[in-house]
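User: I am new to reading protein structures. Please take me through this one in short questions and answers.

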Amino acid sequence: MSSTHPYAAGTPHFFHAVSSYKLARSTGASDKAKKMKLETQVGDGDGVVGVKGHGGLRALPCIFANEMLEKVAGFGLNTNMITYLTNKYHLSTVTSQTMLFVWNATSNFAPIPGAVVADMYLGRFMAVALGSVACLIGMVFLWLSATIPGARPPPCNHGDQQCPPPGARHLAWLLAGFAFMSLGAGGVRPCSMAFGADQFSRHPKERRSRILQAYFNAYYASIGVAFTVAVTAIVYLQDNVGWSVGFAVPMGLMLLSTVSFFLGSGLYIKEKGRRQMFAGIGAAVGAAVRTRRARLPARTGDAVYHHLKDSKLTVPTDQLRFLNKACMITEEDSDSESPSNSERRRRVCTVDQVEQLKSAIRVLPIWSSTVFLALAMNQSFAVKQADTMDRRVGGGRSSFEVPSGSLALFNMATMSLWSASYDRWVAPALRRHTGNPRGLTMKQRIGGGLLLATASTAVAAAVEGARRRHALRGGGGAISAFWLVPQFALVGLAEAFGVIGEIEFFYTELPKSMASFSMSLLYMAFGVGNLAGALIVKVVQVASRRGGSTSWLVDDLNAGHYDYYYWLLTGYGVVNFVYFAWCCWVYGEEGKNVEWEEDDDREQPML
């Protein structure tokens with residue numbers, strides 16, 4: 001790993017982009033800048049945006065500090081949690097993995113209602129603040145489970161074959177910690193990145209796209225730094241000092257994360273919730289159901305549609321054309337003599353609302369294809385594999401045994417270095433060949449991530465097969481755990497391509513006021529992937545035991561066939577990529593969605 005700090009390597013282009021904007025603004029738009037500096041927009045009863053603070057670069061340190069410290073704490077707990085469950089709670093490997101799948105799925109589904117509440121009511125600042133507090137409470141419970149005598153099952157008696165299983169009172173501490181951390185994830189995950197992007201909402205549209213791409217890469221590079229600290233220092237403390245200290249450090253970091261976020265409160269641009277956003281989509285769904293029997297004209301432009309005053313959108317697009325009925329004005333709606341006309345007008349959907357619904361529907365097929373990334377990125381079984389392999393570095397008295405969970409460092413180090421270098425060096429080189437300002441299109445990045453994720457499961461299958469054959473032959477000691485590095489590195493590249501591309505895709509293809517919801521789609525894909533992973537593990541365990549055979553997934557890795565499990569995931573990845581290619585063909589060219597939101601202050605609908 002390079003000695004250059006990944007985050008520092010990823011940010012110069014980002015700061016250069018923002019600094020150049022500041023220079024242009026100061027020379028060409030000083031009056032407008034003064035006006036923006038004094039600007040304070042007060043929300044109306046419908047939850048229109050309220051802007052406070054200055055935003056921009058000065059707000060980022062507190063936001064990045066909150067995110068990095070929260071990620072160090074979260075990764076430090078999650079990476080090595082399977083070891084805690086198997087060694088201290090005496091759960092089997094499959095039971096522990098299933099529990100982690102369900103916990104991760106809950107944490108990834110929680111951002112969906114969290115995003116809705118943030119976008120409609122609380123606003124992203126309050127959602128992140130409350131979520132940070134909930135995560136802190138959850139970490140306190142986990143720390144207490146490792147500290148209070150009797151909170152865990154008693155230690156194993158080495159003279160017995162069976163370790164005492166955990167009781168309800170033991171699991172209560174553990175599950176309470178998981179529950180509060182999942183609740184906190186519902187506020188932090190969908191809103192933190194979008195809240196940072198909000199700080200550039202005053203930038204001109206032509207520069208904002210470039211700044212946001214640099215911001216997303218810098219943001220993800222900072223997460224990589226956090227992960228690096230988590231899987232080295234914190235995992236080492238857990239394995240060598242004790243779980244009480246190993247949980248106390250993440251708890252303290254989460255406390256600092258929460259405090260740092262509140263300290264920057266006066267610097268932030270805080271957007272209020274927009275109650276009409278999801279109500280508008282709901283109205284579009286309701287109108288589409290009510291008008292399902294209406295007949296559309298042969299050409300879209302031949303009808304009259306309900307639209308916002310002074311809106312560019314006076315006619316809906318031809319995509320998902322059947323939904324255009326929801327905003328089409330019939331002769332009965334136009335009849336001013338009709339006594340029910342005013343009531344009918346209030347129930348008519350606008351063109352904007354129809355296009356918002358269309359945008360949400362159109363991204364769903366591509367979203368469904370990204371579920372595979374969550375399966376490939378989960379490396380909990382690799383930690384158990386590393387336990388059976390040679391993890392020593394050096395020789396003689398100076399040798400050092402790398403903790404099993406710390407091998408995940410190669411995952412995030414690869415992701416961080418690629419994310420940090422992409423915007424500065426890779427994208428300009430690709431731009432000369434592709435002509436695309438981003439280097440690669442967002443769909444190309446997602447597709448590259450899916451291919452790399454599939455390659456990682458194939459490599460994992462090959463390495464596990466070699467490890468098992470060597471162990472069964474008794475070939476004079478275990479093979480090196482560093483044979484696991486290629487699969488971790490491929491997963492890191494898959495994340496750098498697929499996840500960042502997915503974030504940009506959802507953020508740019510959906511309306512700006514749905515930013516939290518667009519971020520939550522990423523986590524919902526992970527949640528579905530975690531549930532699918534738990535289901536696959538259960539099905540494989542049951543199916544492979546038929547006929548009295550040994551299950552592929554047993555605690556004794558040498559007796560099982562974890563390599564077959566990885567080959568099964570590889571086959572799934574190949575089929576999934578074909579499905580993704582079809583989804584891209586159906587979606588069409590990206591960046592062609594119409595612009596729904598021209599300004600924060602909306603005019604009244606008109607006929």
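Analyst: A salt bridge is a side-chain nitrogen of Lys or Arg within 4 Å of a carboxyl oxygen of Asp or Glu. This is a predicted model. In it, the side chains of aspartate 390 and arginine 392 meet in a salt bridge, with an N to O distance of 3.1 Å.

User: How many salt bridges does a search of the whole structure find?

Analyst: Side chains of opposite charge can pair when their charged atoms come close. One such pair is aspartate 390 with arginine 392. A search of the whole structure gives a total of 8.

User: Are aspartate 390 and arginine 392 buried, partly exposed or exposed?

Analyst: Buried means under 20% relative accessible area, and exposed means over 50%. Aspartate 390 has 23%, so this residue counts as partly exposed. Arginine 392 has 54%, so arginine 392 counts as exposed.

User: Which residue forms a salt bridge with arginine 391, and where do the two lie?

Analyst: Arginine 391 is in the loop between α17 (380-387) and β2 (392-393), and its partner is in strand β3, 10 residues apart. Arginine 391 is buried at 14% relative accessibility, while the partner is partly exposed at 47%. The closest N and O atoms are 3.9 Å apart, and the partner is glutamate 401.

User: Which helices does the salt bridge between aspartate 198 and arginine 124 link?

Analyst: The closest N and O atoms of aspartate 198 and arginine 124 are 2.6 Å apart. Aspartate 198 is buried at 3% relative accessibility, and arginine 124 is buried at 6%. The two residues are 74 residues apart and link distant parts of the chain, namely helix α9 (residues 168-198) and helix α8.

User: Does the length of helix α11 agree or disagree with its number of residues, and what is the distance between its end C-alpha atoms?

Analyst: Helix α11 covers residues 243-263, which is 21 residues. At 1.5 Å a residue, the expected span is 30 Å. The model agrees with this, because the end C-alpha atoms of α11 are 31 Å apart.

User: Where is serine 406, and is this residue buried or exposed?

Analyst: Serine 406 lies in the loop between β3 (400-401) and α18 (409-434). Leaving aside neighbours within four places in sequence, serine 406 is in contact with Val231, Thr232 and Val235. Its relative accessible area is 7%, so serine 406 is buried.

User: Which helix gives the most residues to the nonpolar surface patch?

Analyst: The patch covers about 460 Å² and is made by Val117, Tyr121, Leu122, Met126 and Leu130. The elements that give two or more residues to this patch are α7 (111-122) and α8 (124-147). Leucine 122 is found in α7 and is partly exposed at 42% relative accessible area. With 3 residues, the helix that gives the most is α7.

User: What percentage of residues 478-500 is helix?

Analyst: The unreviewed UniProt entry places a "transmembrane region" at several stretches, including 446-466 and 478-500. Over residues 446-466 the chain is 100% helix, and the end C-alpha atoms are 31 Å apart. Over residues 478-500 the end C-alpha atoms are 37 Å apart, strand makes up 0%, and helix makes up 70%.

User: What percentage of the 607 residues in the protein chain is buried?

Analyst: The chain has 22 helices and 4 strands. Its accessible surface comes to about 26300 Å², of which 60% belongs to carbon and sulfur atoms. Of the 607 residues, the buried share is 54%.

Note on methods. Residues numbered from 1 in each chain as written. Predicted model: local features only at pLDDT ≥ 70, side-chain atom pairs only at ≥ 80, totals over all residues. Heavy atoms only, no water. Expected span 1.5 Å × (residues − 1). Buried < 20%, exposed > 50% of the residue type's maximum accessible area, 1.4 Å probe, protein only. Contact = heavy atoms within 4.5 Å. Patch = residues over 30% accessible without salt bridge, like charges linked within 9 Å, V, L, I, M, F, W, Y side chains within 5 Å. Areas by Shrake-Rupley, 256 points an atom, 1.4 Å probe, with all protein chains shown as cover. UniProt positions renumbered as here; feature names shortened; annotations may be inferred.
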